[in-house]
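Please examine the sequence and the model shown here. The paragraphs that follow move from a helix pair to the nonpolar cores and then to a single residue.

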Amino acid sequence: MSTDKLHDDEVGTDAGLVRRLLAAQFPEWAELPIVPVRSAGTDNWIYRLGEDLAVRLPRIEGATGQVEKELRWLPFLAPHLPLAVPEPLVKGAPGEGYPWEWGVYRWLEGETATLEQLADPGAAAVTLAGFIAALQRIDLTGAPQPGGHTFGRGGPLAPRDADTRENIATLDGMIDGGAATSVWEAALRAPEWDGLPVWIHGDLIGTNLLAHEGRLSAVIDFGGLGVGDPAYDLMPAWTLFSGQSRAAFRSALSLDDATWVRGRGWALCWALMYIPYYLHTNPVGVAYARRTIDEVLRDRVRGR
């Protein structure tokens, strides 16, 4: 079984298990090459299946149900969106000792988006803003309401207050705790969203964006998809963009100051949670989260 363990309670997988699951449930794909994919994500194991397919299996129980959600909603959302999104094909059942549902998807070309991979970060920021705006315009009839499946995203920040302050204390000496507390308290003071709910991706950090040939090409991992406050989907302003590209992202969206401040609070909250949890298991992700905190605190000194 794979040993790249990120969670104490995760279920390991390997190519042999994937082949047995396919042979039992989707034999037409069972003889295709299976190659593990080193993903920036933390909830699922990913295997490339042949040239055109991918298999996605939850690592932890908290990630179960995402295949069902994506099968239900991505075919509905995709035609309205200006960037590629995953195309789920089938849902697999538990079996061969693996306890949860899993999925087969079309393979999406691209690498995890970073500023270095984007030929024009400002243009990528405008493109991503266009994706968010398009998502927010889609009809909400029957949309999944906020709840455990969205991990509280799209709701208010206040329920995260105690954990966020605890994480600031835990990271004493690694970050500027006073500055982080100031950003967090400003986000808590910002007026809550009083507009109509909108679709939110729910995990729109840079590691869920793909770049291909220097351009932003796809948005992946819709496990947190839901409706609510649009502030959570502003996170790439700090998790990916910086300086001029951040300004381009903001100017391309119709935002009030309060939504921006709440979005900055969500980015800080996410990074503060991420570092202590993954400190000894995911150094690349921890470096990414530390950069996010740096960007949040740098943005704070602009006085907005």
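At what angle do helix 8 and helix 9 pack, and how far apart are their axes? In this predicted model, helix 8, spanning residues 257–278, packs against helix 9, spanning residues 283–300, at an angle of about 150°, and the axes are 9 Å apart. Angles over 145 degrees count as roughly antiparallel, and the two helices are therefore roughly antiparallel to each other. The crossing of helix 8 past helix 9 is left-handed. Residues making this contact include Trp260, Arg264, Trp270 and Tyr274 of helix 8, together with Tyr288, Arg290, Ile293 and Asp299 of helix 9. By character, the contact residues comprise 14 nonpolar, two polar and four charged.

The largest nonpolar core holds 69 residues, of which Leu77, Leu128, Phe131, Trp199 and Phe249 touch the most other members. Helix 8 appears here again, giving the most to this core with 13 residues. Leucine 77 touches Leu135, Ile138, Trp199 and Leu225, leaving aside residues up to four places away in sequence. A second, separate core has 18 residues, Leu21, Phe26, Ile34 and Trp100 among them.

The last stop is alanine 211, which lies in strand 8, residues 209–212. Buried means under 20% relative accessible area; alanine 211 has a relative accessibility of 7% and therefore counts as buried. Not counting residues up to four places away in sequence, alanine 211 touches Gly110, Glu111, Ala113, Gln117, Leu118, Leu216 and Ser217. For one of these contacts, glutamine 117, the C-alpha atom is separated from that of alanine 211 by 6.9 Å, although the two residues are 94 residues apart along the chain.

Methods. Residues are numbered from 1 along each chain as its sequence is written. This is a predicted model: local features need pLDDT of at least 70, side-chain atom pairs count only at pLDDT 80 or more; totals for chains, interfaces and linings use all residues. Side-chain values use heavy atoms; hydrogens and water are left out. Axes are lines fitted to C-alpha atoms, for helices over the stretch in contact, and angles run from 0 to 180 degrees between N-to-C directions. Helices (H or I, at least four residues) and strands (E, at least two) are DSSP runs, numbered from the N terminus. Angles under 35 degrees count as roughly parallel, over 145 as roughly antiparallel, 65 to 115 as roughly perpendicular and the rest as oblique. A crossing is left-handed if the near helix is turned anticlockwise from the far one by less than a right angle, and right-handed if clockwise. Contact means heavy atoms within 4.5 Å. Ala, Val, Leu, Ile, Met, Phe, Trp, Tyr, Cys and Pro count as nonpolar, Asp, Glu, Lys and Arg as charged, and the others, Gly among them, as polar. A nonpolar core is a set of buried Ala, Val, Leu, Ile, Met, Phe, Trp, Tyr and Cys residues joined through side-chain atoms within 4.5 Å. Buried means under 20% relative accessible area, exposed over 50%, partly exposed in between (1.4 Å probe, protein chains only).
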